[in-house]
Amino acid sequence: MNQELTKEQILEIYNTPLLELITKAAEVHKKHHKTGEVQISSLISVKTGGCPEDCAYCPQAARYNTEVKVHKLMGVEEVSVCADNAKKGGASRMCLGAAWREVRDNKDFEKVLDMVKTINAKGMEVCATLGMVTEDQARKLAEAGLYAYNHNIDTSEENYENIISTRTFEDRIGTLKNVRKAGLTVCSGGIIGMGESVADRIGMLYTLSLLNPQPESVPINALVPVDGTPLENQKPVPVWDMVRMIATARIVLPNSAVRLSAGRLEMSMEGQALCFLAGANSIFAGDKLLTTPNPAYNQDMEMFSILGLTPKKAFNGKPEVQNA
């Protein structure tokens, strides 16, 4: 049963004095999760650039003049090597990203299914973010061993058309329903720092909280402005905004894994420590998140050592299949 909060209640949580908010979030986190346990995930771009969408934050959109180099779908063996290296670096989850608007039933999709089978056989959770999927395609991914499907809602429904015009908010929700029907776990969150209002941040969390069941995984990203995109001149997100957003997400979505995602390169270790205290229990490790820079593995391992964090093992707490 979802914890039903109104937008007004979520806003009240968000506006709680910061130290009090962190304390409350830490209490919720301790009740629902193992304190100090953080999952290390690795995210690779298996097909880069040339995307027909117009997401204002994304350097992979074909219509923007960025320095991203287009490359075709990687080979299964190449991805297998990446997974081996990620596992050696402590990752228990491998996320595969392809710059597609939607999945098509062709040889490339068959190759992605082989990638999923290959990585799954290594004992790692496999997540994919491939654009929109039908229920049948989601079932094929599940049968191949996919653990989770990522499809972020990005922002509030009210702000959505300011960020993307080539795919509707309803399309996003429809894909999440298809994923859920296939028995996959849902990974869905968003990005802050795109010029949105506080109300938009609350609206995004409100939508996620209404999904039934709520997403097992909620990435909170800070925009990494990229030259050539419409959002290239956005100011960096203050670390306090990230801490506040993580803490609010933890309270609103108590059972979800809250993923401290893009934007960590701009955060100090102290800032990230506050995010972990406020309920973040996952990071993406590796020097790139799809195409944007990210802290190196050795930096993160040093952080884990200093903060006393423990890498979370794979397949910890997969829910029963839900037919939404």
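## Pro213 and its cis peptide bond

In this predicted model, Pro213 is partly exposed, with a relative accessible area of 22%. That value falls in the partly exposed class because buried means under 20% and exposed means over 50%. Pro213 belongs to the loop that runs between H8 and strand E7 (217-222). The peptide bond leading into this proline, from Asn212 to Pro213, is cis, and its omega is near 0°. As background, most peptide bonds are trans.

Two relations tie Pro213 to other parts of the chain. Its backbone oxygen lies 3.5 Å from a polar atom of the Arg180 side chain. Pro213 can also be placed relative to Glu170: the two are 43 residues apart in sequence, and their C-alpha atoms are 18 Å apart in space.

## Arg180, the partner in H7

Let's follow that polar contact to its other end. Arg180 sits in helix H7, which covers residues 169-181. Is Arg180 buried or exposed? Its relative accessible area is 6%, so Arg180 counts as buried. The pair therefore joins a buried arginine to a proline that is partly exposed.

## Asp154 and its positive phi

Asp154 is another loop residue with backbone geometry to look at. It is found between strand E4 (148-150) and helix H6 (160-163). Its phi is near 75°, a positive value in a residue other than glycine. For context, most residues other than glycine have a negative phi. Asp154 is also buried, with a relative accessible area of 1%.

## Helix H9 and its two partners

Two packed helices are described by the angle between their axes and the distance between the axes. Helix H9 (residues 239-252) packs with helix H8 (residues 198-210) at an angle of about 25°, and the two axes are 11 Å apart. Angles under 35 degrees count as roughly parallel, so H8 is roughly parallel to H9. Their crossing is right-handed. On the H8 side the contact is made by Arg201, Met204, Leu205 and Ser209, while H9 brings Asp241, Met245, Thr248, Ala249 and Val252. Sorted by class, the residues of this contact are 5 nonpolar, 2 polar and 2 charged.

What about H1 (residues 7-14): at roughly what angle does its axis cross that of H9? The angle is roughly 135°, with the axes coming within 9 Å. That makes H1 oblique to H9. H1 passes H9 in a right-handed crossing. Here Ile10, Ile13 and Tyr14 of H1 meet Arg244, Met245, Thr248, Ile251 and Val252 of H9. The class count for this contact is 6 nonpolar, 1 polar and 1 charged. Met245, Thr248 and Val252 of H9 appear in the contact with H8 and again in the contact with H1.

## The packing of H3 with H4

Earlier in the chain, helix H3 (residues 76-88) packs with helix H4 (residues 107-120). Their axes are 9 Å apart and make an angle of about 30°. The crossing of H3 and H4 is right-handed. From H3 come Val76, Val79, Ser80 and Ala83, which meet Lys111, Asp114, Met115, Thr118 and Ile119 from H4. This contact has 5 nonpolar, 2 polar and 2 charged residues.

## Lys140 in H5

Lys140 has its place in helix H5, residues 135-144. It is partly exposed, with a relative accessible area of 30%. Which residues does Lys140 touch, once its neighbours within four places in sequence are left aside? They are Asp105, Phe109 and Leu113. Phe109 lies 31 residues from Lys140 along the chain, and the C-alpha atoms of the two are separated by 9.8 Å.

## Asn281 in strand E9

The tour ends at Asn281, a residue of strand E9 (residues 280-285). With a relative accessibility of 4%, Asn281 counts as buried. Its side chain reaches the backbone nitrogen of Val258 at 2.9 Å.

Beyond neighbours within four places in sequence, Asn281 is in contact with His29, His33, Glu37, Val38, Gln39, Arg250, Ser256, Ala257 and Val258. Val258 thus comes up both in this list of contacts and as the residue whose backbone nitrogen the Asn281 side chain reaches.

Conventions:
Residues are numbered from 1 along each chain as its sequence is written. This is a predicted model: local features need pLDDT of at least 70, side-chain atom pairs count only at pLDDT 80 or more; totals for chains, interfaces and linings use all residues. Side-chain values use heavy atoms; hydrogens and water are left out. Helices (H or I, at least four residues) and strands (E, at least two) are DSSP runs, numbered from the N terminus. Buried means under 20% relative accessible area, exposed over 50%, partly exposed in between (1.4 Å probe, protein chains only). A polar contact is a pair of N or O atoms within 3.5 Å; within protein, one must be able to donate a hydrogen and the other to accept it, and residues adjacent in sequence count only if both atoms are side-chain atoms. Contact means heavy atoms within 4.5 Å. Axes are lines fitted to C-alpha atoms, for helices over the stretch in contact, and angles run from 0 to 180 degrees between N-to-C directions. Angles under 35 degrees count as roughly parallel, over 145 as roughly antiparallel, 65 to 115 as roughly perpendicular and the rest as oblique. A crossing is left-handed if the near helix is turned anticlockwise from the far one by less than a right angle, and right-handed if clockwise. Ala, Val, Leu, Ile, Met, Phe, Trp, Tyr, Cys and Pro count as nonpolar, Asp, Glu, Lys and Arg as charged, and the others, Gly among them, as polar.
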